[in-house]
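Colleague: Got a minute? I'd like to go through the charged pairs in this one with you.
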Amino acid sequence: MENLQKMISEKSVVIFSKNSCCMSHTVKTLFLDFGVNPTIYELDEMHRGKEIEQALAQLGCSPTVPVVFIGGQLVGGANQVMSLHLNRSLVPMLKRAGALWL
């Protein structure tokens, strides 16, 4: 869990993903299309990916991918990210975190 907190706090936007997950792909594409350079951890490619996935589950993340953190704060999965985007809250959140300079 301590390792997870370090991973989350080091960058303004962190996405935990799996290459095999279509919703992970959608979320990553959204951020990249905005011009954000997120730190992406592909859990299915990482040596300790299962441990990180378990730690995400302990934080209440369900499903465990994709999971997005902005400014060190848990945003949630694809549904939460898309809801923020549709109600025009995502871009201001990214600006506050220093991840977007529009």
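Modeller: Sure, let's take the salt bridges and then how buried their residues are.

Modeller: Keep in mind that this is a predicted model.

Colleague: Okay, how many salt bridges does the structure hold?

Modeller: Four.

Colleague: Which side chain does lysine 28 meet in a salt bridge?

Modeller: That of glutamate 42, at 2.7 Å from N to O. Lysine 28 sits in helix H2, residues 22–34, while glutamate 42 belongs to strand E2, residues 39–42, so the salt bridge ties together parts 14 residues apart in sequence.

Colleague: Is lysine 28 buried or exposed?

Modeller: Buried, as its relative accessible area is 10%. Glutamate 42 is buried too, at 12%. The cut-off for buried is under 20%.

Colleague: Switching topic, what does glutamate 10 pair with?

Modeller: Lysine 6, through a salt bridge of 3.9 Å, N to O. A nitrogen–oxygen pair counts within 4 Å.

Colleague: And how accessible is glutamate 10?

Modeller: Its relative accessible area is 47%, so glutamate 10 counts as partly exposed.

Colleague: What about arginine 48, which residue does that one meet?

Modeller: Glutamate 51, again in a salt bridge, with 3.3 Å from N to O.

Colleague: Where do those two fall on accessibility?

Modeller: Arginine 48 has a relative accessible area of 49%, which makes it partly exposed. Glutamate 51 is partly exposed as well, at 43%.

Colleague: Last one, why can side chains like these pair at all?

Modeller: Because opposite charges can pair when the charged atoms come close.

Terms used: Residues numbered from 1 in each chain as written. Predicted model: local features only at pLDDT ≥ 70, side-chain atom pairs only at ≥ 80, totals over all residues. Heavy atoms only, no water. Buried < 20%, exposed > 50% of the residue type's maximum accessible area, 1.4 Å probe, protein only. Helix = DSSP H or I, 4+ residues; strand = E, 2+ residues; numbered from the N terminus.
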